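This report is meant for a reader new to the structure shown below. Please look over the sequence and the fold before reading on.

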Amino acid sequence: MYKYSLYNLKISSSFKMADLQETDFVRADVEIRRGGVPEKLDKATWLERFYFNNDSILYRSGQFKTCICNGHKIRLEVEGLSEETVQNHILGFAFPLLLLQRKIVTLHGSAVQKNGETVIFCAPSGTGKST
């Protein structure tokens, strides 16, 4: 089991994430595990590739089956994907949804600071925020 800290949360993961530094703790705030993704959610609403209800978000697309539960659990079913691909899915897709369940909003952007003022540019990947 791997242990990480991210956004001031202690994460226990069955997936190795090379971009995160391992740490140690007794009790995790978030558990990321392989398997255990339900086929459907009770009393769920369908929106494109998502099923969601008051407690969980279920995402099924291609090689990923992901369930994000109560802001505390991420369950993944992935086969034949590289560690890097799985890590990118967890950190770039599943974890922001988990944070949203915890009432924490994340932004994908770039920031510039000058004279004590900061501007954040939010846009999709590859649209030139860094340049």
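## The sheet

In what order do the eight strands form the open sheet? In this predicted model, the order is β1-β2-β3-β8-β7-β6-β5-β4, and the pairing is mixed. In general, strands of a sheet pair through backbone hydrogen bonds, either parallel or antiparallel. Two strands, β1 and β4, lie at the edges, and each of them pairs on one side only. The average turn between neighbouring strands of this sheet is 15°, direction ignored.

At the β4 edge, the strand covers residues 45-47. Strands β4 and β5 run antiparallel and are joined by three bridges, with β5 covering residues 50-52. Here L47 stands opposite F50 of β5.

## The helix and the main core

Helix α1 lies across β1, β2, β3, β5, β6, β7 and β8. Its direction is at about 30° to that of β7.

The largest nonpolar core consists of 23 residues. Inside this core, I32, I74 and F95 have the most contacts. Two or more residues come from each of β1 (2-6), β2 (9-13), β3 (30-34), β6 (56-61), β7 (64-69), β8 (73-78) and α1 (83-101). The helix α1 gives the most, with seven residues. As a general rule, nonpolar side chains tend to be buried together in soluble globular proteins.

Which residues does F95 contact, leaving aside its neighbours within four places in sequence? They are L6, Y7, L9, I11, V30, I74 and I90.

## The second core and its cysteines

A second core, separate from the main one, has five residues, among them V37, L58, C67 and C69. Both of these cysteines are buried: C67 has a relative accessible area of 2%, and C69 is at 15% relative accessibility.

How many disulfides does the structure hold? The number is zero. A disulfide is a covalent bond between the sulfur atoms of two cysteines. The sulfur of C67 has its closest cysteine sulfur in C69, 3.4 Å away, and this is too far for a bond because the cut-off is 2.5 Å. For C69, likewise, the nearest cysteine sulfur is that of C67, and C69 is in no disulfide.

Residue S56 is in contact with both C67 and C69. This serine is placed in strand β6. Is S56 buried or exposed? It counts as buried because its relative accessibility is 9%, and the limit for buried is under 20%. Leaving aside neighbours within four places in sequence, the other contacts of S56 are L41, Y51, I68 and Q101.

## Aromatic pairs

The structure holds six aromatic pairs. One of them joins W46 and Y51, with ring centres 4.6 Å apart. The planes of W46 and Y51 are at 50°, so this pair is tilted. Y51 is partly exposed, with a relative accessible area of 30%.

F50 and Y59 form an aromatic pair that is also tilted, with 5.1 Å from centre to centre and 45° between the planes. F50 is partly exposed at 24% relative accessible area, whereas Y59 counts as buried at 11% relative accessibility. Which residues do ring pairs link into a cluster with F50? They are Y59 and F93.

Methods. Residues are numbered from 1 along each chain as its sequence is written. This is a predicted model: local features need pLDDT of at least 70, side-chain atom pairs count only at pLDDT 80 or more; totals for chains, interfaces and linings use all residues. Side-chain values use heavy atoms; hydrogens and water are left out. A nonpolar core is a set of buried Ala, Val, Leu, Ile, Met, Phe, Trp, Tyr and Cys residues joined through side-chain atoms within 4.5 Å. Buried means under 20% relative accessible area, exposed over 50%, partly exposed in between (1.4 Å probe, protein chains only). Helices (H or I, at least four residues) and strands (E, at least two) are DSSP runs, numbered from the N terminus. Contact means heavy atoms within 4.5 Å. Two strands pair if DSSP finds at least two bridges between them. Axes are lines fitted to C-alpha atoms, for helices over the stretch in contact, and angles run from 0 to 180 degrees between N-to-C directions. Rings of Phe, Tyr and Trp (its six-membered ring) pair if their centres lie within 6.5 Å; planes under 30 degrees apart count as stacked, over 60 as edge-to-face and the rest as tilted.
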